[in-house]
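Biologist: I would like to go through this model with you and ask what lies behind the terms used for it. Please show it first.

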Amino acid sequence: MNINQLIFRNLVKNIKHYYLYVFALVFSVCLYFAFVTLQYDPSMDSVEGTIKGGAAIRVTSILLIVIVSIFLFYANTIFIKRRSKEIGLFQLIGMTKERIFWIIGLENFLLYFGSIFIGTFVGFSFSKLIILVLFKVTGVKGIAKLHFSEQALVQTIIVFAVIYAFIMLMNYIFIKRQTILNLFRVTSSTEERVKKISVFEIIIGIIGITGIVSGYYVSSKLFEGDFQSMTELFGAMAFILGSVILGTYLFYKGSVSFLFNLVRKSKNGYLNINEVLSLSSIMFKMKSNSLLLTIITTVSALAIGLLSLSYISYSSAEKQAEEGIPANFSFGTSKEADLFTDQLTKNGIAYKETTVNIIMADINIGKILEAELSGLNFDPNMTTLAVVSENNVKGVDLEEDETLFTNYADALEKFMALKDSGEVIIETTDQPIPLHYVGLNDVPVVPYLYTSGGMPTAIVDEKVYEQLNNNKNDELQLAQSTYFGIDIKKNSEVEKANDIFHDLKLDEKDFNLSRYDMIVSNKANMGLTMFIVGFLGLTFLITSGCILYFKQMDEGEEEKHNYTILRKLGYTKGDLLKGIQGKQLFSFGIPLVIGLVHSYFAVQSGWFFFGTDWTPMLIVMVVYTVLYSIFGLLSVLYYKKVINSAL
Amino acid sequence: MILEANQIQKSYGNKFNKQEVLRGVSLSIQKGEFVSIMGASGSGKTTLLNVLSSIDKVSNGTIKIEGSDITGMREKQLAQFRKNKLGFIFQDYNLLDTLTVKENILLPLSITKTPRKEAENRFTKIANDLGIYELKDKYPNEISGGQKQRTSAARAFIHEPSIIFADEPTGALDSKSASDLLNKLSSLNETLAATILMVTHDPLAASYCSRVVFIKDGQIYTQLNKGEQDRQHFFQDIMKTQGILSGVQYEH
């Protein structure tokens with residue numbers, strides 16, 4: 001047998017052995033190529049053009065490279081370690097290290113570029129589906145037809161060639177450093193030496209749990225008004241992040257073995273098969289994987305959190321637009337409004353017009369603020385709000401000394417809560433007007449241009465309005481102080497009306513707004529965010545699942561001799577398999593549960609800004625759980641093979 | 001009669017390339033006997049031990065342990081059989097690294113679901129007998145080879161099996177630890193009336209036994225009984241037989 005045959009046979013044997021590695025490789029190439037095809041596809045211009053998605057997509061493809069390459073590097077370190085015996089054998093029969101390096105390199109080359117070839121084609125067909133999904137969520141009307149992009153192919157090949165070069169470098173260093181003896185012994189040397197739990201580890205364990213729990217506790221208190229100033233709030237956020245991440249790390253490092261050790265102590269040496277296989281093994285393994293597990297749980301919690309929140313804001317795109325623009329169309333001057341309504345009449349579209357006069361005034365709301373906020377870059381005693389007369393708001397009738405606020409953005413309301421009643425003072429150029437604040441309404445009255453990002457609008461009695469109008473501070477007024485709202489009576493005609501709005505080039509003026517346009521652009525923005533977070537999240541999930549699986553494969557091989565012993569002692573295959581299932585429940589279950597709980601608390605904090613919505617979070621969590629369970633199941637199957645061959 | 005093997009044969013490989021390892025071995029062991037099997041490398045002694053202990057299947061022949069034939073048993077029955085009737089001691093200890101000494105020793109009792117109290121009593125007794133009680137909370141990599149092998153022996157004895165199989169138990173030990181272990185084994189053999197079948201290539205280890213079976217090329221070559229003679233003489237007998245076995249001719 002010459003060297004070429006050796007390489008070929010090795011390759012064939014290894015493909016069978018490393019099918020998941022090959023799968024992971026094909027999968028990474030496929031995802032990357034699909035994404036890059038998308039990036040270069042002419043039909044994407046509409047998505048990129050309308051919402052400046054180009055930059056976002058470019059950043060995503062870089063993040064994708066980062067995830068994929070970390071994953072491949074990691075997989076490679078596991079697999080090169082497993083082949084150390086073979087490398088040792090080659091050395092023993094007199095091959096030089098360079099020669100071995102070339103054999104491994106060539107083998108990897110075939111494996112790699114074979115996978116790239118397959119991955120490219122799978123990715124190409126896959127990209128059509130992806131682009132359909134993207135168009136669907138962003139609401140872009142385009143026809144999803146794809147061209148095989150040579151540019152995308154070249155970019156994919158370059159990226160993976162660079163990753164290949166790095167992997168070869170890693171292998172070279174690995175081979176170079178090892179002596180023959182080391183190579184034969186490598187699997188055992190990486191195993192952590194089993195020793196007793198020290199007091200130090202108990203302390204670490206307790207600190208870990210305390211860190212996570214206190215982080216959760218603070219996050220649930222975050223918006224309950226316990227943190228008054230902005231600095232305190234940011235401090236609390238930093239504390240949550242730090243204590244949860246550090247806590248997670250220490251949890252894996254110490255708490256797991258600490259807790260398991262407590263259970264084990266209580267057994268007084270009398271362990272059943274489940275405990276033998278799960279408790280004792282996980283106690284030691286989880287410690288050495290703590291950094292990896294921390295990264296996996298934190299990033300997946302982040303992915304789940306972001307995906308849920310972006311879904312919430314995606315689905316609330318219409319509500320946001322309604323809060324921002326009270327009518328279907330909004331104009332700043334009567335001339336433009338008339339131009340528009342004339343055309344509507346011509347086209348037979350029924351509409352309703354509302355006119356609201358707006359005065360911007362400084363209002364002292366310091367006394368009705370729930371909390372003393374310091375550190376904000378605005379003064380509650382001089383808050384510029386839009387003031388309208390009660391005549392413009394349906395169903396509101398106020399006394400002369402009363403004022404009602406309306407349409408206060410949810411997020412801001414959580415942040416700066418208002419009392420139920422209190423005194424406010426409107427500053428004028430003449431005498432200040434003291435008013436009695438009677439409550440908060442949620443009907444939008446003026447477009448977002450007047451509300452400086454979600455501040456409420458003050459409704460006052462007609463007489464007070466007149467008084468203010470005569471003494472208004474001209475410096476505060478905007479270019480237009482009247483708002484003309486046009487509501488289309490039939491929902492089905494809104495789109496047609498919007499076309500007229502654009503045909504008349506009314507959208508080019510600052511004070512002319514279309515709610516329909518706002519919904520479309522909100523959806524496109526949030527849709528793209530959701531798409532990107534989802535794409536990256538899925539990639540991360542699958543790669544991290546693969547990594548956990550590889551880890552378990554490794555552990556299975558390392559523990560094979562244990563299974564031999566146990567089977568000799570009289571445990572059946574079934575007994576062992578049951579024990580392994582228990583073990584995998586912990587190996588995959590612990591990171592899964594921690595990730596889910598982390599993301600729950602992250603999403604919960606986000607609800608203050610985005611509104612409460614359980615569904616998206618639950619959906620994402622279920623997907624996450626199902627994917628992890630699949631990897632857990634695969635690893636049990638792998639263990640089954642190991643156990644069967646153990647005797 | 002604890003163990004009765006009749007004309008057992010074992011061969012590896014396929015029809016065209018057959019390697020016969022055992023060619024019709026018959027062996028019987030009485031209760032309370034301490035028997036060792038000796039032979040050169042490749043003589044088939046470990047294969048013999050493996051088939052007798054149900055870890056490997058025979059190609060032909062029958063093996064009865066306490067009257068029940070194990071050659072026809074299925075995987076599950078065999079496991080059942082092993083956990084109740086057999087104990088094992090191996091050259092490389094075969095302890096689980098992640099369990100403490102005590103947990104390792106209690107494993108066979110945990111499979112048979114022995115009550116906790118009973119398990120505790122048995123552990124205390126056997127661990128004291130073997131002098132490893134103080135090590136009970138240590139992990140295998142914190143103790144010496146001799147201590148590991150005694151732990152392994154404790155695990156083999158704790159569930160009072162019908163027969164204990166020992167595969168080169170002294171192979172990895174220094175001479176002091178080896179003689180320590182063998183003394184313990186033979187005293188347990190006497191006090192508990194435990195039956196032990198040991199494979200070894202060390203004549204000194206074999207001299208602790210009551211009977212030595214020599215095998216060569218997959219067949220029983222000869223047997224030596226200790227009888228009334230002391231260990232020193234028995235050792236010399238074994239040496240002589242081994243010499244003949246390995247082909248050294250005595251010239252006159």
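Modeller: This is a predicted model.

Biologist: What makes you say that both faces of strand S8 of chain A are covered?

Modeller: A residue counts as buried if 20 or more other C-beta atoms lie within 10 Å of its own. On one side of S8(A), residues 457–460, Thr457(A) and Ile459(A) are buried, and on the other side Ala458(A) and Val460(A) are buried too.

Biologist: How do you know that strand S4 of chain A pairs with S8(A)?

Modeller: Pairing needs at least two bridges. Four bridges join S4(A), residues 383–389, to S8(A), and the two run parallel. Val388(A) stands opposite Ile459(A) there.

Biologist: In which sense does strand S5 of chain A pair with S8(A)?

Modeller: S5(A), residues 402–406, pairs with S8(A) in the antiparallel sense, over four bridges. Thr406(A) has Thr457(A) as its bridge partner.

Biologist: Why are helices H12 and H18 of chain A called roughly antiparallel?

Modeller: H12(A), residues 290–315, and H18(A), residues 515–558, pack at an angle of about 155 degrees, with axes 9 Å apart. Angles over 145 degrees count as roughly antiparallel, so H12(A) is roughly antiparallel to H18(A). The contact includes Ala303(A) and Leu307(A) of H12(A) and Met530(A) and Gly534(A) of H18(A). The crossing is left-handed.

Biologist: Where does pLDDT stay under 50?

Modeller: It stays under 50 over residues 186–192 of chain A. Where pLDDT is low, the predicted coordinates should not be read in detail. For chain A the mean pLDDT is 80, and 89% of its residues reach 70 or more.

Conventions. Residues are numbered from 1 along each chain as its sequence is written. Chains are lettered from A and ligands numbered from 1 in the order in which they are written. This is a predicted model: local features need pLDDT of at least 70, side-chain atom pairs count only at pLDDT 80 or more; totals for chains, interfaces and linings use all residues. A residue is buried if 20 or more other C-beta atoms lie within 10 Å of its own, exposed if 12 or fewer, and partly exposed in between; C-beta atoms are placed from the backbone. pLDDT is the predictor's confidence in each residue, from 0 to 100. Two residues are in contact if their C-beta atoms, placed from the backbone, lie within 7 Å. Axes are lines fitted to C-alpha atoms, for helices over the stretch in contact, and angles run from 0 to 180 degrees between N-to-C directions. Angles under 35 degrees count as roughly parallel, over 145 as roughly antiparallel, 65 to 115 as roughly perpendicular and the rest as oblique. A crossing is left-handed if the near helix is turned anticlockwise from the far one by less than a right angle, and right-handed if clockwise.
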